Amino acid sequence: MTSMQKTYASDQAEGPSRGMVALLATGAGLSVATLYYSQPMLGVLGPDIHASDGAIGMVPMLTQLGYALGILLLAPLGDRYDRRRIILFKAMVLALALMLSGFAPGVGWLLVASLVIGLSATVAQDIVPAAATLAPETQRGKVVGTVMTGLLLGILLSRVMSGLVAEQFGWRAVYGLAAVSIALVCLGAWRSLPRFAPTTSLGYGALLGSMLQLWSRHPALRRAAFAQGLLSVAFSAFWSTLAVMLHGSFGLGSAAAGAFGLAGAAGALAAPLAGRLADRSGPDRVTRLGAGLATASFAVMGLAQALPAEAQLGLIVLAAIGFDFGIQATLVAHQTMVYGIEPAARSRLNAVLFTGVFIGMALGAGLGSLALAGWGWQGVVVLATLASVGALVVRMMGNTPLRDR
């Protein structure tokens, strides 16, 4: 049997090949990167298609909205249908939407394409459960961590690459190259990805409703969603206010804020390390270590104002590396934990977990802006520290606070 003819109904003993893991990691990274390509180009994109600042600002908003809706409404389908077919279909739609963006004659078409990009970019959230299914239990953390490394690198490098390509060749070239990259991923998946046997026969409405049942039935899922959501509040509060703080306190522009994003490379490094540690000593321990590191990093950041300007920047960079490492390590451990709860419902479990993450991100952006306006940067640091402490408390208390009724 060729790899295309195999059907994976459950975890396999030998695990996926290195080539398969590399394909999944690349696919996850390139897919999620499409969410962020537009952000560095908005300044040149708007005037080129004669769009107002308000209209062009809706491009990244609709992309993120589409992604959130896709996680909630489309990601659960991975349990109902062959995940290989879903990955191929979403990848084709994503490539077409990117191509439409590149040829968009006006902002209207671009906005429609942006929403479709967000919806179909959730293929990344189909790839990660696919990796977990292909991996045996003893290697699940390692495999998921490696695929998450690709996903995180896609997030980190997307803005940098988009800005460079747009500056040299124009913004339409960014969308064109992105479409080609997704088409190549689709081709690789078509040639190599095995079929996955559906794990449920529920109708669409019942499938979505079953996520509430999973939430009610599994306290481990609730703890993971609450803890990762709180860490997402801290993460988003920091990154959504950083550029404003750097400009107001240090006179630095958007390029400097973008350069700070390279500190997030620590998150990409954390993913495989956290996965291996979760395989060896259990994911629960990794979640506590990660939440503890995030808490300590944000707390140390509060000391920055007592230092000279250059030392302040250095301390913030080091703290950003620390909390990003801790938050991403915790996420990989939570994924490893959640995927083991009920293997037949991995896509739905993943959707619930990431719904918690996105709720936390949205709350963090809003609360972070309020904290900055009311109490300055120290208010943001206190907010992030308290949110991280909350995540650590959830993990330290074990089953007690979220036990089934």
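Which residue's side chain meets that of Arg288 in a salt bridge?

## A salt bridge within helix H14

In this predicted model, the side chain of Arg288 meets that of Asp284 in a salt bridge, with an N to O distance of 3.1 Å. Both residues belong to helix H14 (residues 283-301), and because they are four residues apart there, about one helical turn separates them. An α-helix has 3.6 residues a turn, so residues three or four places apart point the same way.

Neither partner falls under the 20% limit for a buried residue: Arg288 has a relative accessible area of 31% and is therefore partly exposed, and Asp284, at 27% relative accessibility, also counts as partly exposed. Elsewhere, salt bridges with shared partners join Asp79, Arg83 and Arg348 into one network.

## Salt bridges between buried residues

The count of salt bridges in the model comes to six. One of them brings together the side chains of Arg83 and Asp79, at 3.5 Å from N to O, and here Arg83 and Asp79 are both buried.

Another salt bridge is formed by Asp126 and Lys90, whose closest N and O atoms are 2.8 Å apart. This pair links distant parts of the chain, since Asp126 lies in helix H7 (residues 124-134) and Lys90 in helix H5 (residues 83-103), with their positions 36 residues apart in the numbering. Asp126 is buried, as is Lys90.

## Helix H8 and its kink

Helix H8 (residues 140-169) has 30 residues, which at 1.5 Å a residue should span 44 Å; the C-alpha atoms at its ends are 41 Å apart, in agreement with that expectation. The helix nevertheless has a kink of about 40 degrees, centred on Leu157. Just after H8 comes Gly170, which takes a positive phi of about 100 degrees.

## A nonpolar patch on the surface

A nonpolar patch on the surface is formed by Leu65, Leu69, Leu72, Leu73, Leu115 and Tyr204, which together have about 460 Å² of accessible area. Helix H4 (residues 58-73) contributes the largest share of this patch, with four residues.

Leu115, another member of the patch, is placed in helix H6 (residues 107-120). With a relative accessibility of 31%, Leu115 counts as partly exposed, and this value is over the 30% that a residue needs to be included in a patch.

How values were computed:
Residues are numbered from 1 along each chain as its sequence is written. This is a predicted model: local features need pLDDT of at least 70, side-chain atom pairs count only at pLDDT 80 or more; totals for chains, interfaces and linings use all residues. Side-chain values use heavy atoms; hydrogens and water are left out. Helices (H or I, at least four residues) and strands (E, at least two) are DSSP runs, numbered from the N terminus. The expected span of a helix is 1.5 Å times one less than its number of residues. The bend at a residue is the angle between axes fitted to the seven residues ending there and the seven starting there. Patches are made of residues with over 30% relative accessible area and no salt bridge: like charges are joined within 9 Å, nonpolar side chains (Val, Leu, Ile, Met, Phe, Trp, Tyr) within 5 Å. Accessible areas come from the Shrake-Rupley method with a 1.4 Å probe; for residues, only the protein chains shown count as cover. A salt bridge is a side-chain nitrogen of Lys or Arg within 4 Å of a carboxyl oxygen of Asp or Glu. Buried means under 20% relative accessible area, exposed over 50%, partly exposed in between (1.4 Å probe, protein chains only).
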